[in-house]
Amino acid sequence: MSVAVETRDLTKKFGNFTAVDRITMQIEEGEICGFMGPNGAGKSTLIRMLCGILEPTSGRGRVLGFDLAGETEEIRRRLGYMSQKFSLYEDLTVRENLDFYAGLYSIPLRERKNRISDMLTMAGLTGRENALVANLSSGWKQRLALGCAIIGRPAIIFLDEPTSGVSPTARREFFSIIQQLANEGTTVIVTTHFMDEAERCTRIAFISGGRLLAYDTPDHLKAVSLEGYLVEVELPDPVESIRRIEEQPYVRECSLHGPLLHVLLAGKSDVTALERFTGATVRPITPTLEDVFIALARRQREGRPENG
């Protein structure tokens, strides 16, 4: 499998502020790579560098074999980009938006009709061609925005929080379309805050404070990122219990997950002690990606080295 993106110590500074700090990674063709992290982590800045919009301060990188330092025009010619704002013209129809973007991508007139038809089918918008975009729901606007981003058949597509503000059903349907694009060979880089979407990525890059904390498959991250034995416990006052539980010498982390507490113990042998302390049943669980992210973020705050 060929490499779509590779970076080495890629860095972006704005004055004295380091937005992206020496990121080294490699993304294969046809992968869905999820960028995860808190707001202000550097995800969007990294994407803008990979798109050739921002010039790196230092380090190096290649996208589709082209150098970020001097071949950004070649990169931009081969990519698609979609942001959470959708970049649609609300006073135009669905078809008029697609036709406009087809012109931007210099699609020949003889091919344009079939290409627009393909995008309508992909987005499930057949029959809505003449609807004003202003009258579409956010879910339909999202699909149309994706069609506009890929009408030029890019080899790589960057999706910057594309599912913010749409319903869970629309998010799931949208991600199914993304997976189909990847199956057809398109490389997809997507930023997301949703753990269910991250689970469907080929690999995940956890980014915080401009640094790459971990980069691996979802399953491997869950298998190796936590240092201890993870359990859950249900208590009548979970929020008030967190501090008391974290004060116990055998507890490494404690976090709220809905009505439950996830507690990372030093080892399996500490289950009995936690049950005695809480007076509740303690159940071992498989880590979620949210558990992984909490552990990685805490490890960074404590100045400990990352895994991966």
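F100 is partly exposed, because its relative accessible area is 34% and only values under 20% count as buried. The model is predicted. The structure holds three aromatic pairs. In one of them, Y89 and F100 meet edge-to-face. Their ring centres are 5.1 Å apart, and the planes make an angle of 75°. Y89 sits in the loop between strand 6 (79-83) and helix 3 (94-104), while F100 belongs to helix 3 itself. The two residues are 11 positions apart, and the pair links distant parts of the chain. Y89 is also partly exposed, because its relative accessibility is 39%. Ring pairs join Y89 and F100 with Y101 into a cluster.

Aromatic rings also take part in two contacts with arginines. R128 lies over the face of W140, 4.1 Å from the ring centre. R171 does so over F194, at 3.8 Å from the ring centre.

Now step back to the whole chain. Of its 308 residues, 50% count as buried. The chain has 11 helices and 14 strands. Its C-alpha trace spans about 75 × 45 × 35 Å along the principal axes. Among contacts with a separation of 6 or more, 69% are between residues 24 or more positions apart. The chain is divided into domain 1, residues 3-217, and domain 2, residues 227-286. The C-alpha centres of these domains lie 39 Å apart.

Start with the sheet of six strands. Strands of a sheet pair through backbone hydrogen bonds, either parallel or antiparallel. This sheet is open, with the order 6-7-8-3-9-10, and its pairing is mixed. Strand 6 and strand 10 (211-216) stand at the edges. Each has a single partner strand, so one side of each is left without a neighbour in the sheet. Neighbouring strands here are turned by 15° against each other on average, direction ignored.

Within this sheet, strand 3 (residues 32-36) and strand 9 (residues 203-208) run parallel. Four bridges join them. C33 stands opposite R203 in strand 9. Helix 1 (residues 43-50) lies across strand 3, strand 6, strand 7 (156-160), strand 8 (187-191) and strand 9. Helix 1 runs at about 140° to strand 3. Helix 11 (residues 289-301) lies across strand 9 and strand 10, at about 35° to strand 9.

Turn next to the sheet of four strands. Its order is 12-13-11-14; the sheet is open and the pairing is antiparallel. Strand 12 and strand 14 (282-284) are the edge strands. Each has a single partner strand, so one side of each lacks a neighbour in the sheet. The twist averages 30° from one strand to the next.

What stands between strand 12 and strand 13 in their hairpin? Two residues do, and G258 in the turn has a positive phi of about 65°. Strand 12 (residues 251-257) is mostly covered, with five of its seven residues buried. Strand 12 pairs with strand 13 (residues 260-265) in the antiparallel sense over six bridges. V251 is placed opposite L265 in strand 13.

On the other side of the order, strand 11 (residues 229-234) and strand 14 run antiparallel, joined by three bridges. V233 has V282 in strand 14 as its bridge partner. Helix 11 packs on this sheet, touching strand 11, strand 12 and strand 13. The direction of helix 11 makes about 130° with that of strand 12. Helix 10 (residues 271-278) lies across strand 11, strand 13 and strand 14. Helix 10 runs at about 20° to strand 11. Helix 11 thus appears with both sheets: it lies across strand 9 and strand 10, and it touches strand 11, strand 12 and strand 13.

Finally, look at two backbone details. D9 has a positive phi of about 55° although it is not a glycine. D9 lies in strand 1 (residues 3-14). D9 counts as partly exposed, because its relative accessibility is 36%. R22 is also a residue other than glycine with a positive phi, near 55°. R22 belongs to strand 2 (residues 17-28).

Note on methods. Residues are numbered from 1 along each chain as its sequence is written. This is a predicted model: local features need pLDDT of at least 70, side-chain atom pairs count only at pLDDT 80 or more; totals for chains, interfaces and linings use all residues. Side-chain values use heavy atoms; hydrogens and water are left out. Buried means under 20% relative accessible area, exposed over 50%, partly exposed in between (1.4 Å probe, protein chains only). Two strands pair if DSSP finds at least two bridges between them. Domain bounds come from an automatic or database domain assignment. Rings of Phe, Tyr and Trp (its six-membered ring) pair if their centres lie within 6.5 Å; planes under 30 degrees apart count as stacked, over 60 as edge-to-face and the rest as tilted. A charge sits over a ring if NZ of Lys or CZ of Arg is within 6 Å of the ring centre and within 35 degrees of the ring normal. Axes are lines fitted to C-alpha atoms, for helices over the stretch in contact, and angles run from 0 to 180 degrees between N-to-C directions. Contact means heavy atoms within 4.5 Å.
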